[in-house]
Amino acid sequence: MVLLSPAKTLDFSPAESPTPTQPRLLDQSANLIAALRKKSPAKLRDLMHVSEALATENAARYQTFDTPGSLTAAKPALLAFKGDVYRGLDADAFTQEELALSQNCIRILSGLYGLLRPLDLIQPYRLEMGTKLRVGRHRDLVCYWGRRITELLAADVAATGTRLIINAASKEYTACLDLGNLGAPVIEADFRELRDGQLKFITYNAKLARGKLAQVIVQQKIDKLEQLHDVDINGYTYDEGRSGDRVIGFTKR
């Protein structure tokens with residue numbers, strides 16, 4: 001199983017997919033929507049650190065948000081997200097069989113939905129996990145979601161027989177997880193490039209590679225770490241010297 005962050009860029013044009021599913025933490029999402037609906041665009045701008053136009057757009061989204069989402073207003077998460085990671089993953093090119101298979105292989109962390117399966121229906125939204133939104137006794141989203149996401153992900157690990165979790169999500173999102181209580185070892189995927197004699201993290205290329213890694217895991221049905229030793233991820237290859245019990249390093253030379 002591979003963990004991904006969501007994306008800010010979205011595409012809600014029609015797309016074919018296997019039978020979609022509903023996110024499983026919608027009651028908790030509804031609590032967040034209720035809190036967000038009370039905030040003016042100006043307050044959302046300050047809370048989310050976005051432009052006035054984005055704040056106004058998202059204020060309108062929260063007012064019309066529907067839980068659960070209808071088929072006409074929503075789209076499976078794996079096909080709706082279109083940021084760099086998802087360009088690398090290229091789910092639009094998946095066969096229907098591969099989309100169905102991804103339901104057990106990929107989990108997406110979300111500030112609004114908590115934990116998403118690829119075919120879970122989402123509506124247009126923007127709410128990053130690092131947002132300092134106070135909900136009840138919870139001071140922010142990391143505090144709000146942490147236990148809930150950890151327990152649901154651990155249940156998924158048990159139900160799918162997952163033996164290994166590859167973490168390709170950002171630290172902002174994995175901050176909400178208790179990584180030691182997921183029922184399987186968590187290995188961080190680390191992509192670096194050798195430039196001018198130094199290993200460097202190149203954000204755009206690394207994001208594309210994270211998505212490509214998820215694609216490879218689905219299409220090649222990878223469930224053992226050793227199976228990743230011989231794959232080429234956009235020019236990144238396995239680096240034994242940078243790998244260990246908690247990290248698998250890929251280097252582009």
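This is a chat about the pockets, one helix and one strand of a predicted model.

Biologist: Hi! What should I know before we start?
Modeller: The model is predicted, so local features need pLDDT of at least 70 and side-chain atom pairs count only at pLDDT 80 or more, while totals for chains, interfaces and linings use all residues. Residues are numbered from 1 along each chain as its sequence is written, and side-chain values use heavy atoms, with hydrogens and water left out.

Biologist: Cool. What volume does the largest pocket have?
Modeller: About 870 Å³. A pocket is an open set of points on a 1 Å grid over the protein atoms alone, where a 1.4 Å probe fits, with protein on both sides within 12 Å along at least five of seven lines. The volume is the space filled by probe spheres set on the points, which are joined across faces, edges and corners.

Biologist: And which residues are closest to its centre?
Modeller: S5, A169, S170, K171 and R210, out of 38 that line the largest pocket. Lining residues have an atom within 4 Å of a point.

Biologist: Which element gives the most to that lining?
Modeller: β7, with seven residues. Strands here are DSSP runs of E with at least two residues, and helices are runs of H or I with at least four.

Biologist: Nice, so tell me about β7. Which strands does it pair with?
Modeller: β7 (186-195) runs parallel to β11 (residues 247-252), joined by six bridges. With β6 (residues 165-167), β7 also pairs in the parallel sense, over three bridges. β8 (residues 198-200) runs antiparallel to β7, again with three bridges. Two strands pair if DSSP finds at least two bridges between them.

Biologist: What links β7 and β8?
Modeller: They form a hairpin with two residues between them, and D196 in the turn has a positive phi of about 55°. L194 stands opposite L199 in β8.

Biologist: Switching topic: how much space is in the second largest pocket?
Modeller: About 300 Å³. Its lining has 17 residues, and M1, C105, T162, I222 and D223 lie nearest the centre. Helix α6 gives the most to this lining, with three residues.

Biologist: Which residues of α6 are buried?
Modeller: In α6 (residues 96-105), E98, L99, S102, Q103 and C105 are buried. Buried means under 20% relative accessible area, with a 1.4 Å probe and protein chains only.

Biologist: Why might residues a few places apart point the same way?
Modeller: An α-helix has 3.6 residues a turn, so residues three or four places apart point the same way.

Biologist: What covers those buried residues of α6?
Modeller: The cover includes β1 (2-4), α4 (77-80), β3 (106-110) and α9 (203-219).

Note on methods
Buried < 20%, exposed > 50% of the residue type's maximum accessible area, 1.4 Å probe, protein only. Contact = heavy atoms within 4.5 Å.
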